[in-house]
Amino acid sequence: MKKMVIFLMLLCIQISASVCHAQVNDWKNYLSKAWVRNIVVDGDKLYLGTDGGLAIYDKNTGRCQFLDRTNGLADNNIVGLAHHNGKWWIGGQYTGMSIYDENSFQNWQFPFALQSCFAFDDALDKVYIGAIHDIYILKDNYYTVYTPDPKADIHYYPAIQSLVLDKNGTLWFGGFTFGFLSSNGNTTLLNCGASEVNNIIIDDKDNKWLATNRGLIKYDGTSFTSYNTSGGQLSSNNVNGLAFDTNRNLWMGNWNVLVKYDGKQFSSYPLPSNYSNDWICDIAPDGNDVWVATRFHGLLRFYDGTFEQTELEKNILTQNRMHEVSTVDEKGNVCFASNDYLAQYTEKGEWKHLFPNAKDYYPAINAAAYDKRGRLWVAPNNSDTILAVIENADTTVFKRDNTPFQTGQLKQLEFDSKNHLWVGASNGLYKYDGVQWSQYNSSNSPMPGDMITSLAFDKSDRLWVGIADLGVCSFDGHNWVCHDTINSPIPYNYVDCIAVDSHNRVWMNSRYSRNGTPVMGKDYGGGLVCYDGTNWKIYNQYNSNIGGNSIVDIAIDKHDALWMAVSDIGLVRFDGENQWDAYTIYNSGLANPWPIQVQIDVKRDMIWLSYEASGGISSAKMNQGTGVEGIFVTPNGAKAIYTIEGRKVKAMTPGQIYIMRDENGKTTKVLAR
């Protein structure tokens, strides 16, 4: 079913930091390329769609070029890749699709994400793009929307995963359903016996071969023939990736087994035993080689019956989904946690992995913080080891049996001015003075609950404690004062980030939650809350330029500016008074619109972010210009003033970048204030 054209192309060439935001530049994305989803062979090069951007691998030299959002790519999470007429079509999982011509990017956004497949009709000058629920038909910089099955519920994630045109110009589609769109506009749905069609390929006899969750299926135009575990042809019914080699052998990925079908028999080549937990995402025959894309081990080369791993890069990260755990010290050591390890960017500018897969620790980290001596304290999600303290090459371990934490998990770590450790746990608040532990909970203190969500000390050494769905309390060592939606203007009682500026103003978020879990999305939440000890002030998307109500994290720089991770927006800077600056996927190098942690690296004057949705880690220089040579209030001495696009104007608008030309013809880029 076709729908009317409802959107124009969103064209973004070589995305860079917006000229309106001169405070941040030199964006970098730190991403794992371990998940390779797509392979396209182009002569001596392999183009790889990965979880961390586009990788271009030179087979002769072994060198690899990486392109991500800082280079102009729409989405780092690539799920679709095709080459046609000298252009690369790159489908993103979350934030759009790119067309790349080796020089620049054209970026598109559609109503539904996950642009995972492409088909090209040169006769009609159309490009078919498969996404969630719909197929977009691009022609002359406009698109129409075709829905193969209008009755399908998009909430069941019915993605179109494969598109192919046959010799008659009929479009075949596969995903949550299988069928074809005839040139006359009629749709035919066919029951192939599988609920997931991952790939479709057509042989020289016009047979359609389907890689599905029910094995390999052949459709000859009349009937279906299945090859699966029941028939003994395959070791698993999960088939992904289909390609013919020059001898017309059909290759496929069969979970963790590479399979060749020569038309008579199936030959299986299992991945190495130490890759047994991996699976094959795509395959590409290339002469005597077969290139294999995998989930955990990146790119493999299959040659003469054996596999060898092709190192694309020395991985900084092994995966890109980060946790809400990060910390930085005054020397410039920055740490971020993922499911697998704690990644540290050291003061020397090198990446390290701290105790990955060590026997004494469970890889997931619940909390981390540097103390006043520069020691790194880490709370692993472990049934035995509750704390680990790293000082240079030495590690000290705290076992549960020797601490008060017989049950529960540690969620927050913070140090007071005396370098005493305060721990926010799932069952209360704890203090460790280096010798003994003290415990505070709802039974022995005025705390209204025991699930601690945030900790921060103000300039008076008062501890501010966020308690899940019960507001925020302050504790000066003797007295407790608690604030919630009943006795204060706090919009919602879930407070899981708190920061204090040099004026002792306490800044916090206020999140909407369901059953104790915060709800993501810019419209959910109470925005930014400020308390100066007497007065409360609330900033939200309705009374300010914050952009969204769901604040996920807050960091404060040396100028008392707030840097906030705002769900569905990105990074927002607020000077604490009236100036707001938003850094989004449209005007910066953010990996995606869902940062979850913000850290200020004072030594380098940098900002660091980590992300959900496989965004990895980003960094950027703060308080840096973008080539602006001066700050002007009025255009004194200017013979002519132009916008950055080259349009001549008579006056400047504060906050905008302009090109000024003087009487001698010299041009200067300026920021109007």
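In this predicted model, Cys473 and Cys482 are joined in a disulfide, with their sulfur atoms 2.3 Å apart. For readers new to the term, a disulfide is a covalent bond between the sulfur atoms of two cysteines. The structure holds one such bond. Its handedness can be read from the twist about the S-S bond: the torsion for Cys473 and Cys482 is about 105°, so the disulfide is right-handed.

The two partners of this bond can also be described by how much of their surface is accessible. Cys473 has a relative accessible area of 0% and is therefore buried, since buried means under 20%. Cys482, with a relative accessible area of 26%, is partly exposed, because this class covers values between the 20% limit for buried and the 50% limit for exposed. Two further cysteines are worth a look here. Cys335 is buried, with a relative accessible area of 0%. Cys530 has a relative accessibility of 7%, so this cysteine counts as buried too.

It helps to step back and view the protein as a whole. The protein contains 64 strands and zero helices. Of its 673 residues, 57% are buried. The accessible surface of the protein amounts to about 29,300 Å², and carbon and sulfur atoms account for 44% of that area. Contacts across the sequence tell another part of the story: among those between residues at least 6 apart in sequence, 44% join residues at least 24 apart.

A single residue, Asp501, offers a friendly close-up of such contacts. Asp501 sits in the loop that runs between strand E47 (498-500) and strand E48 (506-509). Is this loop residue buried or exposed? With a relative accessible area of 0%, Asp501 is buried. Once neighbours within four places in sequence are set aside, the residues in contact with Asp501 are Lys459, Trp507, Ile556 and Asp560.

Two of these partners can be described further. Lys459 is 42 residues away from Asp501 along the chain, and the C-alpha atoms of the two residues are separated by 8.4 Å. Trp507 lies within the range given for strand E48 (506-509), and its side chain makes a polar contact with the side chain of Asp501 at 3.1 Å. Asp501 thus combines a place in a loop with a buried setting and a side-chain polar contact to Trp507.

Note on methods: Residues numbered from 1 in each chain as written. Predicted model: local features only at pLDDT ≥ 70, side-chain atom pairs only at ≥ 80, totals over all residues. Heavy atoms only, no water. Disulfide = S-S within 2.5 Å. Buried < 20%, exposed > 50% of the residue type's maximum accessible area, 1.4 Å probe, protein only. Helix = DSSP H or I, 4+ residues; strand = E, 2+ residues; numbered from the N terminus. Contact = heavy atoms within 4.5 Å. Areas by Shrake-Rupley, 256 points an atom, 1.4 Å probe, with all protein chains shown as cover. Polar contact = N/O pair within 3.5 Å; in protein donor to acceptor, adjacent residues only side chain to side chain.
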